[in-house]
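Biologist: I would like a close look at a single part of this model. Please start from one residue and work outwards through the chain around it.

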Amino acid sequence: MSFLHPVRAHQQRCRATRAAMSDYLDRELSPEEERRVEAHLRRCPGCRRMLANLSRTVRSLRRLGSADGAA
Amino acid sequence: MSSLAVPSAAGHLDDQALVERARRGDQEAFGLLAERHQTRLRRTLYRLLRDCDAAYDAVQEAITRAWLNLERFEGRSQFSTWLTRIGINEAYRQLERAGARGRARELEFHEAVGERVPDWASLPDAIFESGEFLGAVERRLGELPDDYRVAVVLRDVEGLSTAEAAELLGIGERALKSRLHRGRMALRAQLDEYFAEGYV
């Protein structure tokens with residue numbers, strides 16, 4: 001039976017979660033994938049911050065588009 | 001088309017009325033439509049091409065194509081949306097012709113999962129709403145490799161759906177999503193650096 005160090009196991013889940021973050025924000029994950037992402041986010045402050053920052057980035061990009069429309 | 005004379009008498013008409021006139025061959029009505037939308041279109045195409053002259057050429061080409069294909073416009077979307085799609089198509093054709101210049105440069109994508117992620121939530125909203133910050137977003141968006149920048153512009157700035165953007169670029173939705181995510185994450189990392197500069 002192989003043993004994965006808990007820190008490495010956590011980092012693997014961080015990588016998987018971060019890879020899914022755009023799809024999560026765009027609501028393009030399956031319910032099962034979404035539950036997995038949210039379960040990890042509840043335990044991981046680093047990934048929560050990453051998601052919040054990515055969400056801010058996307059909102060800022062949308063503001064560029066809406067600022068064009070208002071111009 | 002942009003050199004067409006613009007009659008002030010038609011200036012009060014909305015796009016739909018102008019399109020109807022233009023369909024009947026009224027070049028002046030079409031000139032007014034082009035005049036109305038070309039500034040925004042040029043800004044959009046500049047984001048894709050990062051070259052003022054190329055963006056200007058793409059706008060002119062898009063306006064000409066729109067005029068020549070006006071009978072195909074079915075009115076299911078806004079005229080401005082239809083014109084923007086034509087312009088994006090033209091800009092993407094230009095990028096394709098330009099070859100592998102920007103696209104050969106794959107983003108290095110190392111997520112340092114063990115490192116501390118900066119906390120933007122502690123920054124006041126006023127920073128994110130400032131013109132200075134949006135200018136920084138615009139500049140860093142322009143530095144992304146072509147494939148990633150195009151995906152981000154189409155999805156996030158222009159608001160196209162995944163399916164629409166993928167179809168427009170002639171790629172699968174998975175490829176589009178991958179480029180979009182990498183582009184967004186790269187931009188986020190660039191903005192981390194922008195905020196870090198503020199503390200130096």
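Modeller: Start with B:Arg47, which lies in helix α2 of chain B. The model is a predicted one. B:Arg47 has a relative accessibility of 2%, so this arginine counts as buried. Its contacts reach both chains. Leaving aside residues up to four places away in sequence, B:Arg47 touches A:Leu64 and A:Asp68 in chain A, and B:Glu138, B:Leu141, B:Arg149, B:Val153 and B:Val157 in chain B.

Now the chain around this residue. Chain B has nine helices and zero strands. Along the sequence the pattern reads α-α-α-α-α-α-α-α-α. Of its 200 residues, 47% count as buried. Take the contacts in chain B with a separation of 6 or more: residues 24 or more positions apart account for 65% of them.

Next, the aromatic rings. Over all chains, the structure holds twelve aromatic pairs. One of them joins B:Phe30 and B:Trp67: the ring centres are 5.1 Å apart and the planes meet at 50°, so the pair is tilted. Tilted covers the angles left between stacked, under 30 degrees, and edge-to-face, over 60. This pair links distant parts of the chain. B:Phe30 sits in helix α2 (residues 27–49) of chain B, the helix that also holds B:Arg47. B:Trp67 belongs to helix α3 (residues 52–68) of chain B, and 37 residues separate the two partners. Both B:Phe30 and B:Trp67 are buried.

A further pair is formed by B:Trp120 and B:Phe195. Its geometry is edge-to-face, with 5.1 Å from centre to centre and 70° between the planes. Here too, distant parts of the chain are linked, with the partners 75 residues apart. B:Phe195 is in helix α9 (residues 173–197) of chain B. B:Trp120 is buried, with a relative accessible area of 3%. B:Phe195 has 11% relative accessibility and also counts as buried.

Back to B:Phe30 and B:Trp67. Ring pairs link these two with B:Phe73, B:Phe79 and B:Trp82 into a cluster.

Then there is the packing of helices. Helix α4 (residues 79–98) of chain B packs with helix α8 (residues 162–169) of chain B at an angle of about 45°, and their axes are 10 Å apart. That angle makes α4(B) oblique to α8(B). From α4(B), the contact is made by B:Arg85, B:Ile88, B:Asn89 and B:Tyr92. From α8(B) come B:Glu164, B:Leu168 and B:Leu169. Sorted by class, the contact has four nonpolar, one polar and two charged residues.

Finally, chain A. Another arginine, A:Arg56, lies over the face of B:Phe128, at 3.9 Å from the ring centre. From A:Arg56 one can step to A:Leu41: the two are 15 residues apart in sequence and 17 Å apart in space, C-alpha to C-alpha. A:Leu41 is found in helix α3 (residues 31–43) of chain A. With a relative accessible area of 10%, A:Leu41 is buried. Setting aside residues up to four places away in sequence, A:Leu41 touches A:Thr17, A:Met21, A:Tyr24, A:Cys47, A:Arg48 and A:Leu51.

To return to the starting point: B:Arg47 is a buried residue, and its contacts include A:Leu64 and A:Asp68 of chain A.

Terms used:
Residues numbered from 1 in each chain as written. Chains lettered and ligands numbered in written order. Predicted model: local features only at pLDDT ≥ 70, side-chain atom pairs only at ≥ 80, totals over all residues. Heavy atoms only, no water. Axes fitted to C-alpha atoms, helices over the stretch in contact; angles between N-to-C directions. Helix = DSSP H or I, 4+ residues; strand = E, 2+ residues; numbered from the N terminus. Parallel < 35°, antiparallel > 145°, perpendicular 65-115°, else oblique. Contact = heavy atoms within 4.5 Å. Nonpolar A, V, L, I, M, F, W, Y, C, P; charged D, E, K, R; others polar. Phe/Tyr/Trp six-rings, centres within 6.5 Å; stacked < 30°, edge-to-face > 60°. Buried < 20%, exposed > 50% of the residue type's maximum accessible area, 1.4 Å probe, protein only. Lys NZ or Arg CZ within 6 Å of the ring centre and 35° of its normal.
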